[in-house]
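Student: Got a minute to go through a structure with me? I'd like to talk about how the pieces pack.

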Amino acid sequence: MGEFVDVLGAKADGYDMQFLASFVYARKMDVNRAVQLFDAYQAYLEPMVDARMLRASDVALQLRTGELMLTGGRCRNGCAIIEYIAKRHQKKMFTPEDSLRGALYLVNQALKDPTTQMNGVTIVCNLSGVGWRGLHSAAHKLLLSTLQERFPCRVGGIYALNASFTTSAVVKVLRPFVRKQKLLSRVKMFKKASGLEDFIDMTQLTESFSGTLEYDHEGWLDERLEAEGDSVPAETSCFSDWEMMMGGSVAASAMPDTEPIPEHDEEEEADNEEDDCMMQQDGFNPLLEDDEEEAQEEA
């Protein structure tokens, strides 16, 4: 750590040691690579989103949707879990930069734990009830490029549950933005929550993934607001802001679910039954499919 700070010199001024340490951990103690990552953060990300300065009040409106949640769960490899419920995303309300701020706030909170600094985070996605129009690909591209090349956090995996053939095809569009082969191999899709058990114990997932982890997202966010000395007035908290922005009504898909998200939509499953045969095995990776097909052709 001392060598890293020495190499940075004056560039390290104004950054706390915990944040600087995350660059070293993110690059597995390789000082030269950690310096490159810091330079990328400072040159490209910081002018757009200074992650160190993000407060809960800056992202409260987005996080109230329950789209992104830092639940306290961990993968079997020690990664902190961030749950992503795709159908709660309000594409018309939030820009890709807004989505990035929300995600980075949660990652920052996770990185306060030394275990997360060493092991990183895993993003577990529930794509149930989302078609290709519902996926915010611009936001996904921005997040992927940021976490890989401009922010000090390792990504242990990206696991998607309940992806239809249509959404898996859209995910393939993101392939050019997954620049690291190691991360590419860690993107996996599952038809059933049980497929996740090789990577995550079900006690570490909430009911949205058929898990048993108890987690109060509203309570967590309120605690963060209070801890940071901020508050959201009752008349503007939760969904009232959305109602004003969306003409007096809020899309039902934005409301946090009290029941587990169903693993399959029967009509959608019937329509896509033939196409979904490609995904019948858990761990399907649409990002690697082309490589496998090319290898078979060459053979």
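Tutor: Sure, let's take the overall make-up, then the helix packing, the aromatic rings and a few loop residues. Bear in mind that this is a predicted model.

Student: OK, how many helices and strands are there in the protein?

Tutor: The protein has 14 helices and five strands. Of its 299 residues, 48% are buried.

Student: And what share of the contacts comes from residues 24 or more positions apart?

Tutor: Counting contacts with a separation of 6 or more, 79% are between residues 24 or more positions apart.

Student: Let's zoom in on helix 4. Which of its residues are buried?

Tutor: Helix 4 covers residues 56-63, and the buried ones are Ala56, Val59, Ala60, Gln62 and Leu63.

Student: What covers them?

Tutor: The cover includes strand 1 (68-74), helix 5 (96-110) and helix 10 (217-227).

Student: Take helix 5, then. At what angle does helix 4 pack on helix 5?

Tutor: About 115°, and the axes are 9 Å apart. Because of that angle, helix 4 counts as roughly perpendicular to helix 5. The crossing is left-handed.

Student: Which residues make that contact?

Tutor: From helix 4 you have Ala56, Val59, Gln62 and Leu63. Helix 5 brings Asp98, Ser99, Arg101, Gly102, Tyr105 and Leu106.

Student: How do they divide into nonpolar, polar and charged?

Tutor: For helix 4 with helix 5, it's five nonpolar, three polar and two charged.

Student: Now helix 10. How do the axes of helix 4 and helix 10 cross?

Tutor: They cross at roughly 165° and come within 10 Å. With that angle, helix 4 is roughly antiparallel to helix 10.

Student: What's the handedness when helix 4 passes helix 10, left or right?

Tutor: Left-handed. On the helix 4 side the contact uses Ala56, Ser57, Ala60 and Leu63. Helix 10 meets them with His217, Trp220, Leu221, Arg224 and Leu225.

Student: And by class?

Tutor: The contact of helix 4 with helix 10 has six nonpolar residues, two polar and one charged.

Student: Going back to Gln62 for a second: how far is its C-alpha from that of Gln90?

Tutor: The two C-alpha atoms are separated by 8.5 Å, while the residues are 28 apart along the chain. Gln90 sits in the loop between strand 2 (80-85) and helix 5.

Student: Is Gln90 buried or exposed?

Tutor: Gln90 has a relative accessible area of 7%, so it is buried.

Student: Changing topic: how many aromatic pairs turn up in the whole structure?

Tutor: A search finds 13. One of them is Phe4 with Phe38, an edge-to-face pair at 6.5 Å centre to centre with 85° between the planes.

Student: Where in the chain are those two?

Tutor: In distant parts of it: Phe4 is in helix 1 (residues 2-8) and Phe38 in helix 3 (residues 31-45), 34 residues apart. Phe4 counts as buried because its relative accessibility is 0%. Phe38 is also at 0%, so it counts as buried too.

Student: What about Tyr159 and Phe199?

Tutor: Those two make a tilted pair, 4.8 Å centre to centre and 40° between the planes. Tyr159 lies in strand 4 (residues 155-161), and Phe199 is in the loop between strand 5 (187-190) and helix 10, 40 residues apart.

Student: How accessible is each ring's residue?

Tutor: Tyr159 is buried, at 5% relative accessible area. Phe199 comes out at 26%, so it is partly exposed.

Student: Which residues form an aromatic cluster?

Tutor: Phe4, Tyr15, Phe19, Phe23, Phe38, Tyr41 and Phe151 form one. Phe4 and Phe38, the edge-to-face pair, belong to that cluster.

Student: Last topic, backbone. Which residue in the loop between helix 2 (17-26) and helix 3 should I look at?

Tutor: Met29 lies there. It isn't a glycine, yet it has a positive phi of about 70°.

Student: Why does that catch the eye?

Tutor: Because most residues other than glycine have a negative phi.

Student: And what's the phi of Ser210?

Tutor: About 60°, positive as well, and Ser210 isn't a glycine either. Ser210 is in the loop between strand 5 and helix 10. With a relative accessible area of 40%, Ser210 is partly exposed.

Methods. Residues are numbered from 1 along each chain as its sequence is written. This is a predicted model: local features need pLDDT of at least 70, side-chain atom pairs count only at pLDDT 80 or more; totals for chains, interfaces and linings use all residues. Side-chain values use heavy atoms; hydrogens and water are left out. Buried means under 20% relative accessible area, exposed over 50%, partly exposed in between (1.4 Å probe, protein chains only). Helices (H or I, at least four residues) and strands (E, at least two) are DSSP runs, numbered from the N terminus. Contact means heavy atoms within 4.5 Å. Axes are lines fitted to C-alpha atoms, for helices over the stretch in contact, and angles run from 0 to 180 degrees between N-to-C directions. Angles under 35 degrees count as roughly parallel, over 145 as roughly antiparallel, 65 to 115 as roughly perpendicular and the rest as oblique. A crossing is left-handed if the near helix is turned anticlockwise from the far one by less than a right angle, and right-handed if clockwise. Ala, Val, Leu, Ile, Met, Phe, Trp, Tyr, Cys and Pro count as nonpolar, Asp, Glu, Lys and Arg as charged, and the others, Gly among them, as polar. Rings of Phe, Tyr and Trp (its six-membered ring) pair if their centres lie within 6.5 Å; planes under 30 degrees apart count as stacked, over 60 as edge-to-face and the rest as tilted.
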